[in-house]
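Please open the model in your viewer and keep the selection panel at hand. The stops below go from one selection to the next, with a note on what is there.

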Number of protein chains: 2
Amino acid sequence: MELSQRQEKILNIVKDEGPITGERIAEKLNLTRATLRPDLAILTMSGFLDARPRVGYFYSGKTGNQLLGEHIQKLPVKDYKSVPVVCREETSVYDAICTMFLEDVGTLYVVQEGGLLVGVVSRKDLLKSSMGNQDLQTIPVGVIMSRMPNIVTCRAEDSLFDAATKLIRNQVDSLPVVREAESGTGMEVVGRITKTTITRAFVELGEGASNV
Amino acid sequence: MELSQRQEKILNIVKDEGPITGERIAEKLNLTRATLRPDLAILTMSGFLDARPRVGYFYSGKTGNQLLGEHIQKLPVKDYKSVPVVCREETSVYDAICTMFLEDVGTLYVVQEGGLLVGVVSRKDLLKSSMGNQDLQTIPVGVIMSRMPNIVTCRAEDSLFDAATKLIRNQVDSLPVVREAESGTGMEVVGRITKTTITRAFVELGEGASNV
């Protein structure tokens with residue numbers, strides 16, 4: 001939303017002198033309080049200003065971008081996660097590459113019995129191991145994968161924003177979505193968040209189609 | 001921004017009966033026009049309603065999500081693009097993989113003299129070619145790359161939203177940012193937009209730090 005010139009002026013007055021009453025703001029602008037009422041209501045309703053009875057208006061410290069940010073931070077991982085594609089530690093690097101192409105994913109999660117997460121293998125890991133002149137059919141994924149607990153994960157109840165932040169900070173392409181295993185030890189893989197997921201969410205937001 | 005119950009009611013009345021005057025809305029809600037003024041101002045300023053003098057209020061057809069979408073559609077590619085990493089058609093697949101690791105990118109743009117774009121080679125292309133038991137040192141990138149004009153590109157003046165939409169629709173990880181070559185024939189590569197770029201923009205928006 002774009003603010004009018006008068007609203008910008010009000011915002012600056014409150015920033016400098018808040019808490020300040022509506023009457024005092026009106027005086028400073030040489031306007032009546034009635035004239036200002038809609039502007040003050042807009043600034044309050046949209047979160048730029050806070051108002052406290054018998055105290056006056058004060059600046060919430062939030063800009064339009066911060067308000068947009070709050071909206072984005074509400075999107076939950078559980079509404080965006082996709083199905084995880086998994087393999088076993090004993091799977092050969094060759095078979096892992098095949099699975100990656102057949103399922104058209106960039107990362108495989110390596111699991112044990114019961115879907116317990118033990119590792120992650122990325123397209124980058126596989127490409128690296130295919131450069132050495134080894135026989136890809138004989139190297140097991142367990143040898144080249146990143147291993148727990150050195151794996152960045154997220155939870156279904158996390159925000160998509162937190163997941164995206166982890167992808168960027170840790171320079172990984174994908175996060176397994178995990179939950180405590182029923183047995184009580186280890187993490188079970190229940191989903192997948194990738195940069196594709198985030199790009200899709202960005203497009204949805206741009207289309208105005210997201211359900212928040 | 002969240003609407004109050006009364007604002008939701010007004011929105012519904014205008015949706016059903018717009019164009020409608022402020023007076024008529026007030027009557028329907030058993031309120032005075034003065035009471036409604038701030039709400040109508042908020043709904044108009046924030047884009048939910050349009051108002052035309054001597055006609056009245058009508059519904060703009062925009063939801064809060066659409067307004068957020070408009071904000072996102074304003075981000076330009078030129079503010080987000082990163083530096084392109086390039087190689088030549090004659091570069092060996094082996095050397096291309098090395099460049100990819102050294103520069104830590106997922107896609108190389110293949111260029112001719114003068115930076116003219118002739119192809120794109122992705123981590124996926126390189127992984128595929130490394131599976132056949134060929135000597136990676138002897139295969140040139142030109143043999144395995146995607147070749148112009150079958151390459152999805154974008155321009156510095158495009159919106160990041162349009163670029164993200166192309167990434168998703170065409171199922172690619174990266175778009176070269178191009179401009180008409182000075183010679184008048186072909187496209188010069190001037191940047192790179194990837195799913196990482198979009199993820200980073202998403203995080204920035206969530207932080208409320210984007211400059212729009």
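Begin by colouring chain A and chain B separately: in this predicted model, the area buried between chain A and chain B is about 4900 Å², and carbon and sulfur atoms give 73% of that area. Next, select A:Leu127, A:Met131 and A:Phe202, which together supply 16% of the area that chain A buries against chain B, more than any other three residues. If you then widen the selection to the whole contact, you will have 55 residues from chain A and 56 residues from chain B.

Now turn to the polar side of the interface. Between chain A and chain B the count is four salt bridges, and one that you can display is between the side chains of A:Arg123 and B:Asp173, where the distance from N to O is 3.5 Å. Across the same interface of chain A and chain B, eight residue pairs are found in polar contact, with both residues at pLDDT 80 or more.

Which helices of chain A each supply at least two residues of the side that touches chain B? Select helix H3 (33–45), helix H4 (64–72), helix H5 (93–103), helix H6 (123–129), helix H8 (160–169) and helix H9 (195–207) of chain A, since each of them does so. The largest share of that side of chain A comes from H9(A), with 11 residues. Coloured by class, the side of chain A that touches chain B shows 28 nonpolar, 17 polar and 10 charged residues.

Move across to chain B and select B:Lys195, which is found in helix H9 (residues 195–207) of that chain. Is B:Lys195 buried or exposed? Its relative accessibility is 8%, and because this is under the 20% cut-off, B:Lys195 counts as buried. The side chain of B:Lys195 is joined to that of B:Asp173 by a polar contact of 3.3 Å. Apart from neighbours within four places in sequence, B:Lys195 is in contact with A:Lys195, A:Thr196 and A:Thr199 in chain A, and with B:Leu167, B:Val172 and B:Asp173 in chain B.

For the last stop, select the cysteines. A search of the whole structure finds zero disulfides over all chains. A:Cys87 is in no disulfide, and the nearest cysteine sulfur, that of A:Cys98, is 12 Å away; at 7% relative accessibility, A:Cys87 counts as buried. In chain B, B:Cys87 is likewise in no disulfide, with the nearest cysteine sulfur, that of B:Cys98, 12 Å away, and B:Cys87 is buried, with a relative accessible area of 8%.

Conventions
Residues numbered from 1 in each chain as written. Chains lettered and ligands numbered in written order. Predicted model: local features only at pLDDT ≥ 70, side-chain atom pairs only at ≥ 80, totals over all residues. Heavy atoms only, no water. Contact = heavy atoms within 4.5 Å. Buried area = accessible area lost by both parts, 1.4 Å probe. Polar contact = N/O pair within 3.5 Å; in protein donor to acceptor, adjacent residues only side chain to side chain. Helix = DSSP H or I, 4+ residues; strand = E, 2+ residues; numbered from the N terminus. Nonpolar A, V, L, I, M, F, W, Y, C, P; charged D, E, K, R; others polar. Buried < 20%, exposed > 50% of the residue type's maximum accessible area, 1.4 Å probe, protein only. Disulfide = S-S within 2.5 Å.
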